[in-house]
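Work through the exercises below with the sequence and the model in view. Try each task before reading its solution.

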Amino acid sequence: MIKEFRVKTNRRNELIDITGEIRSVIAESGIEEGYCHIFVPHTTAAVTINEKADPDVSRDISGSLEKIVPPGWGYSHAEGNSDSHIKSSMVGASELVLISGAKPVLGTWQAVFFCEFDGPRSRKCLARVSE
Ligand code: ZN
């Protein structure tokens, strides 16, 4: 079964830790061993796994993407958010996390981050747990 949860973003570019939501989805599924597929159904957002211990890391990822793909560079897309679409494709719309002992298998410093590139908005995130 696919679970959906909302992610409220506060800035145009921002990484938000959604590991707690993923832990809840896995716990509710009752599955002990398997995997959780996380999918972001948006064209200007993404999902990634990276360091949570130092919040500067997620700020640096966001800030570096902003430098690599600057807004207002002279893109064709009339909506004016081509940089957001490009960042979304660079990072990707899905992640797969293994499950062991009814918990996500993540490294000590890892967290799952929802990546906002055209906020602030109320976003959707989908997750499906399988054996
Ligand atoms: Zn657009």
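**Exercise 1: the sheet**

Task: find in what order the five strands of the open sheet lie, and which strands are at the edges.

Solution. Step one: the five strands of the open sheet run in the order E1-E8-E3-E5-E6, with antiparallel pairing. Step two: strand E1 (2-8) and strand E6 (103-104) are the edge strands, each pairing on one side only. Strands here are DSSP runs of E with at least two residues, helices are runs of H or I with at least four, and both are numbered from the N terminus. Two strands count as paired if DSSP finds at least two bridges between them. In general, strands of a sheet pair through backbone hydrogen bonds, either parallel or antiparallel.

The model is predicted: local features need pLDDT of at least 70 and side-chain atom pairs pLDDT 80 or more, while totals for chains, interfaces and linings use all residues. Residues are numbered from 1 along each chain as its sequence is written, and side-chain values use heavy atoms, leaving out hydrogens and water.

**Exercise 2: from E5 to E6**

Task: state how many bridges join E5 and E6, then describe the loop residue Ala 102.

Solution. Step one: E5 (residues 94-100) pairs with E6 in the antiparallel sense over two bridges. Step two: Ile 99 has Pro 104 in E6 as its bridge partner. Step three: Ala 102 sits in the loop between E5 and E6. Its phi is near 65°, a positive value in a residue other than glycine. Step four: Ala 102 has a relative accessible area of 25%, so it is partly exposed (buried is under 20%, exposed over 50%, partly exposed in between, with a 1.4 Å probe and protein chains only).

**Exercise 3: the zinc ion**

Task: which protein donors does the zinc ion have, and why is their arrangement irregular?

Solution. Step one: the donors are His 77 (NE2), Glu 79 (OE), Asn 81 (OD1) and His 85 (NE2), at 1.8 to 2.1 Å from the zinc ion. Donors are N, O and S atoms within 2.8 Å of the metal (3.2 Å for Na, K and Ca); water is not among the atoms, so sites may look incomplete. Step two: the donor residues follow the spacing H-x1-E-x1-N-x3-H. Step three: the four donor atoms subtend angles of 92 to 149°, and therefore the arrangement is irregular. Four donors count as tetrahedral if all angles lie between 85 and 135 degrees; four count as square planar and six as octahedral if opposite donors are over 155 degrees apart and all others between 65 and 115; anything else is irregular. Step four: Asn 81 is buried at 5% relative accessible area, and His 85 is partly exposed at 23%.
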